[in-house]
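Got the viewer open and a hand on the mouse? Let's walk through this one stop at a time, selecting as we go.

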Amino acid sequence: MRVIIEADAAAAAATAADFIAALVRRKPDAVLGLATGGTPVSCYQLLIEMHRQEGLDFGQVRTFNLDEYVGLPATHPQSYHRFMQEQLFDHVNLQPERCQLPDGVADDLPAACAAYEAAIREAGGIDLQLLGIGTDGHIAFNEPGSSLAGRTRVKHLTAETIRDNARFFGDEASVPRLAVTMGVGTILEARCCLLLATGAHKAEAVRAAVEGPVSASITASALQLHPDVVMVLDEAAAGELQRSEYYKMAEAAERTRSAAAE
Ligand code: F6R
């Protein structure tokens, strides 16, 4: 696991955006796995700026989002479809037919979940999966206790997640109780995973994910089993890590080495 600790949330977002932009430049038809929530917003803003100012080209890129609430149509202001439209898709040259999110209003949700997995496979798999982390240690909506081998399916949200996400809905009662989510097994098949976490409220979940045992109680800890994971943190989110000095030393050495190689 590569742990990058940046001074603040803005620097962490810039590092995450640089990883994504570098992949898109290297592989113009890259398959990106995308996340919603508060954390990736500034990263998406930077990608939009790179598109506008440097012509970063998303014309051949495909995207698959991690999750969607059950029961919210794409037009609902709090749906993740709408979120992605407003935060990224409307502002870059991604082709609408190449951007997919799970369908939270399908008549047959299990069939829609299976079709989503098949679409990811048919696209050749995800090159880079962007992730956030819940305060309960979830990735996507794989809540504590979720199978670490799980595939795209419907999950119940925990009380903690409902509380955390109430800020987007105005009150807890309006937060859907169910979501369609990629499974941890689906996520671990991405060729690279990039988890972005900022803020002191994420520090305990980050510590458990990076330095705790691999456990279904903290589904982000399953990333320890993946050979290519980058954790991009700000100082606040890294605040509980026991080995932060080691990660900083290793990252500084890595940057010196790659600058010398250029
Ligand atoms: C969103 C998602 C979630 C969020 C997590 C953190 O698509 O899958 O796992 O990444 O809940 O959310 P924020 O960034 O709002 O703290």
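Start by selecting Val-31 and Arg-62: Arg-62, in strand S3, is the bridge partner of Val-31. Before going further, know that this is a predicted model, where local features need pLDDT of at least 70, side-chain atom pairs count only at pLDDT 80 or more, and totals for chains, interfaces and linings use all residues. Residues are numbered from 1 along each chain as its sequence is written, and side-chain values use heavy atoms, with hydrogens and water left out. As for labels, helices (H or I, at least four residues) and strands (E, at least two) are DSSP runs, numbered from the N terminus.

**Strand S2 and its neighbours**

Now pick all of S2, residues 31-34. Val-31 and Gly-33 point one way, Leu-32 and Leu-34 the other, and all are buried. Here buried means under 20% relative accessible area, exposed over 50%, and partly exposed in between (1.4 Å probe, protein chains only).

Add S3 to the selection: S2 and S3 pair in the parallel sense over 4 bridges. Two strands count as paired if DSSP finds at least two bridges between them. Click Gly-33 and you can follow bridges to two strands: its partner in S3 is Phe-64, and its partner in S6 is Gln-129. S6 covers residues 128-131 and runs parallel to S2, joined by 2 bridges.

Next, show helix H2 (residues 41-54), which together with S2 and S3 makes a right-handed β-α-β unit. To check the hand, point the strands away from you: the path from the first strand over the helix to the second should run clockwise.

From S3, step across to S5, which runs parallel to S3 with 2 bridges. Select Thr-63 to find its bridge partner in S5, Cys-99.

**Helix H4**

Jump to residues 109-122. The 14 residues of H4 should span 20 Å at 1.5 Å a residue, and the end C-alpha atoms are indeed 20 Å apart. (The expected span is 1.5 Å times one less than the number of residues.)

Which residues of H4 are buried? Colour Leu-109, Cys-113, Tyr-116, Glu-117, Ala-119 and Ile-120. Look down the axis of H4: these buried residues fall within an arc of 160°, so they line one face of the helix. That arc uses the directions from the helix axis to the C-beta atoms. On the other side, Pro-110, Arg-121 and Glu-122 are exposed.

What covers the buried residues of H4? Among the elements in contact (heavy atoms within 4.5 Å) are strands S3, S5, S7 and S8, and helix H6.

Zoom in on the N-terminal end of H4, where Asp-108 is the cap: a side-chain oxygen lies 3.1 Å from the backbone nitrogen of Ala-111. Just after H4, Gly-124 takes a positive phi of about 95°.

**One last loop**

Most residues other than glycine have a negative phi. Now select Ala-140, in the loop between S6 and S7. Ala-140 is not a glycine, yet has a positive phi of about 50°. With a relative accessible area of 7%, Ala-140 is buried.

Terms used: Polar contact = N/O pair within 3.5 Å; in protein donor to acceptor, adjacent residues only side chain to side chain.
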